Amino acid sequence: MGKRVALLTGGGDCPGLNAVIRAVTRRSLDRGYEVVGVREGWRGLVDGKLQPLDDRAISGILPRGGTILGTTRTNPYKIDGGVERVLERFAGEGLDALVAIGGEDTLGVASRLFEEHSFPVVGVPKTIDNDLSATDYTFGFDTALTVATEAIDRLHTTAESHNRVMVVEVMGRHTGWIAVMSGMAGGADVILIPEHPITIEEACTDIQRRHERGKDFSIVVVSEGYELTYASGEKQQIAQAPAATDQFGHVRLGGVGDVLAREIEERTGYETRVTVLGHVQRGGTPTPRDRVLATRYGLKAADLVHEARWGTMAALHGDDVVEVLLKDAVAELKTVPPEFYEAAKTFFG
Ligand code: F6P
C-alpha cells in the first residue's frame with residue numbers, strides 16, 4: 001500500500017538540505033508514495049504548515065543552498081500542548097512516516113517522539129558543525145570547511161602585506177571541527193577550540209616565537225565556542241547579547257574573535273585584525289562532496305521509510321551509508337579527539 005511520507009528540515013539551515021529533499025522525494029515518488037513537505041521544521045507540524053512535494057517541486061534544487069521548506073528552531077516539547085499537536089496533526093493528515101533532517105536538536109525531538117510515542121520517524125544528520133555522534137560526517141560540514149579554508153587563504157596575503165596578526169572566528173558551537181580542520185587546511189599558526197583550550201598566554205607565545213623566526217604575520221583561527229582561557233585559570237565564554245537561550249537552551253555564541261584580537265595586540269604589541277565568518281559558512285551552494293553525501297543520505301532515509309525502520313538514522317561509516325539508532329546519534333556531542341588537535345599543534349608558532 002502507498003505511504004504518505006512527510007519531510008521536515010529543522011535547526012540552522014545548511015548546504016545540502018535541498019539535495020536530501022530531492023533524493024527522498026524522488027525515491028519515494030518512484031515507489032508510488034505521496035510526499036508532503038512540512039514547512040519551518042517542527043513548527044510546521046505544530047501549526048499545520050504542509051505542502052505537497054512532486055517532481056516539479058524538486059526540479060532544479062540540487063545545487064541550491066538553504067532549504068525550500070524553510071526552517072526554525074521550534075521545540076514542540078517547549079510549547080504548551082506542542083507534542084500533542086504534532087501527534088494529532090500527523091494522524092489527522094493521514095501521514096505514515098516522517099523524515100526529519102536536522103542536527104542534535106531536531107533529531108533529539110525525533111528520537112524522543114519515537115521512544116515515547118512510537119512515532120514513525122527516521123533521521124538524516126545535518127549540521128555544518130559536524131558534532132553528531134554515530135556518523136563520520138554530517139552533510140554541510142564540507143561546504144563550511146571549504147568556505148573557511150578559502151577565507152584563511154585569502155587572509156594570508158593581506159596579513160603578510162601588513163605584517164599583521166589576523167584572527168578568524170569560525171562557527172561550530174561547542175565543538176571545534178570547523179576550526180581545527182580549516183586551520184590545518186589553511187596552515188593556521190594557532191587554532192583555539194572549545195574541547196582542548198590552550199591559554200591566551202600560550203597562543204601569544206606561539207605567535208611571538210613565529211615572529212622571532214622571521215615571520216612577521218600570523219593567522220589565528222578561533223572557534224566561536226572557545227572559552228577565553230588564562231594561565232591564572234580564569235575562563236570566559238563570549239556570547240551575543242541578549243544572552244537569552246533558544247527553545248533548546250542554546251545561547252547565541254559569537255564575539256570571541258574580537259576579545260581575543262584585543263588580548264593578542266595588547267600582549268604582543270603586534271597589530272591585529274579580526275574577521276568573523278558567521279553565516280557565510282552556511283550560505284550558498286553545497287560542495288560536490290556535500291551534494292553527493294546529502295543525496296546518498298536521502299536515498300537511505302527513503303529506504304528506511306520503505307522498510308519501516310523507525311527510530312533510525314542514515315549515517316556515514318567509512319565510505320558506506322548505513323543505519324544507526326537515532327538515540328545513539330543524539331546521546332552525546334562528537335568532539336574533536338585529542339590526537340587530532342595534537343596533530344594541528346605541530347604547526348603552531
Ligand atoms: O549549528 C549551526 C550553527 O551555524 C552554529 O555553528 C552556530 O552557533 C549557530 O548555528 C548559529 O545559529 P543562528 O543561525 O540561529 O544564528
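What volume does the second largest pocket have? The second largest pocket has a volume of about 260 Å³. The structure here is a predicted model. This report starts with that pocket and then turns to other spaces, a strand and some single residues.

## Pockets and cavity

The second largest pocket is lined by 15 residues. Nearest its centre lie Tyr 137, Arg 289, Leu 293, Leu 316 and Gly 318. Two elements give two or more residues to this lining: helix 5, residues 141–162, and helix 9, residues 288–306. Helix 9 gives the most, with 5 residues. By class, the lining of the second largest pocket splits into 7 nonpolar, 2 polar and 6 charged residues.

The largest pocket holds about 660 Å³ of space. Its lining counts 35 residues, and the closest to its centre are Arg 73, Met 171, Arg 173, Glu 224 and Arg 282. Helix 4, residues 104–117, and strand 6, residues 165–170, are the elements that give two or more residues to the lining of the largest pocket. Helix 4 supplies the largest share, which is 3 residues. The lining of the largest pocket has 9 nonpolar, 13 polar and 13 charged residues.

There is also enclosed space. Rolling a probe the size of a water molecule over the atoms shows where empty space is left. The structure holds 1 cavity of 30 Å³ or more. The largest cavity contains about 30 Å³ of space. Its lining is made by Gly 10, Gly 11, Gly 41, Trp 42, Thr 72, Arg 73, Thr 74, Asp 105, Thr 106 and Phe 248. Arg 73 thus appears in the cavity lining and among the residues closest to the centre of the largest pocket. By class, the cavity lining has 2 nonpolar, 6 polar and 2 charged residues.

The table sets out the class counts for these linings.

| Space | Volume | Nonpolar | Polar | Charged |
|---|---|---|---|---|
| Largest pocket | about 660 Å³ | 9 residues | 13 residues | 13 residues |
| Second largest pocket | about 260 Å³ | 7 residues | 2 residues | 6 residues |
| Largest cavity | about 30 Å³ | 2 residues | 6 residues | 2 residues |

## Strand 1 and its partners

Strand 1 covers residues 4–9 and is mostly covered: 6 of its 6 residues are buried. Its side chains alternate in direction. Arg 4, Ala 6 and Leu 8 point one way, while Val 5, Leu 7 and Thr 9 point the other way. All of these residues are buried.

Which strands pair with strand 1? Strand 2, residues 34–38, is joined to strand 1 by 5 bridges, and the two run parallel. Within this pairing, Ala 6 stands opposite Val 36. Strand 4, residues 97–102, is likewise joined to strand 1 by 5 bridges and runs parallel to it. Here Leu 8 has Ala 100 as its bridge partner.

Strand 1 and strand 2 also belong to a larger arrangement. Together with helix 1, residues 17–30, strand 1 and strand 2 make a right-handed β-α-β unit.

## Cysteines

A disulfide is a covalent bond between the sulfur atoms of two cysteines. How many disulfides are counted here? The count comes to 0 disulfides. Cys 14 has 0% relative accessibility, so Cys 14 counts as buried. Cys 204 counts as buried because its relative accessibility is 5%.

## Single residues

Met 1 sits in the segment before strand 1. Is Met 1 buried or exposed? Met 1 counts as exposed because its relative accessibility is 94%. The C-alpha atoms of Met 1 and Glu 234 are separated by 62 Å. Along the chain, Met 1 and Glu 234 are 233 residues apart.

Backbone angles come next. Most residues other than glycine have a negative phi. Ser 118 has a positive phi, near 50 degrees, and is not a glycine. Ser 118 is found in the loop between helix 4 and strand 5, residues 121–125. With a relative accessible area of 58%, Ser 118 is exposed.

Ala 134 has a positive phi of about 75 degrees, although Ala 134 is not a glycine. Ala 134 lies in the loop between strand 5 and helix 5. Its relative accessibility is 27%, so Ala 134 counts as partly exposed.

Notes:
Residues are numbered from 1 along each chain as its sequence is written. This is a predicted model: local features need pLDDT of at least 70, side-chain atom pairs count only at pLDDT 80 or more; totals for chains, interfaces and linings use all residues. Side-chain values use heavy atoms; hydrogens and water are left out. Buried means under 20% relative accessible area, exposed over 50%, partly exposed in between (1.4 Å probe, protein chains only). Helices (H or I, at least four residues) and strands (E, at least two) are DSSP runs, numbered from the N terminus. Two strands pair if DSSP finds at least two bridges between them. A crossover is right-handed if, with the strands pointing away from the viewer, the path from the first strand over the helix to the second runs clockwise. On a 1 Å grid over the protein atoms alone, a cavity is a set of points where a 1.4 Å probe fits but cannot get out, and a pocket is an open set with protein on both sides within 12 Å along at least five of seven lines; lining residues have an atom within 4 Å of a point. Grid points are joined across faces, edges and corners, and a volume is the space filled by probe spheres set on the points. Ala, Val, Leu, Ile, Met, Phe, Trp, Tyr, Cys and Pro count as nonpolar, Asp, Glu, Lys and Arg as charged, and the others, Gly among them, as polar. A disulfide is a pair of cysteine sulfur atoms within 2.5 Å.
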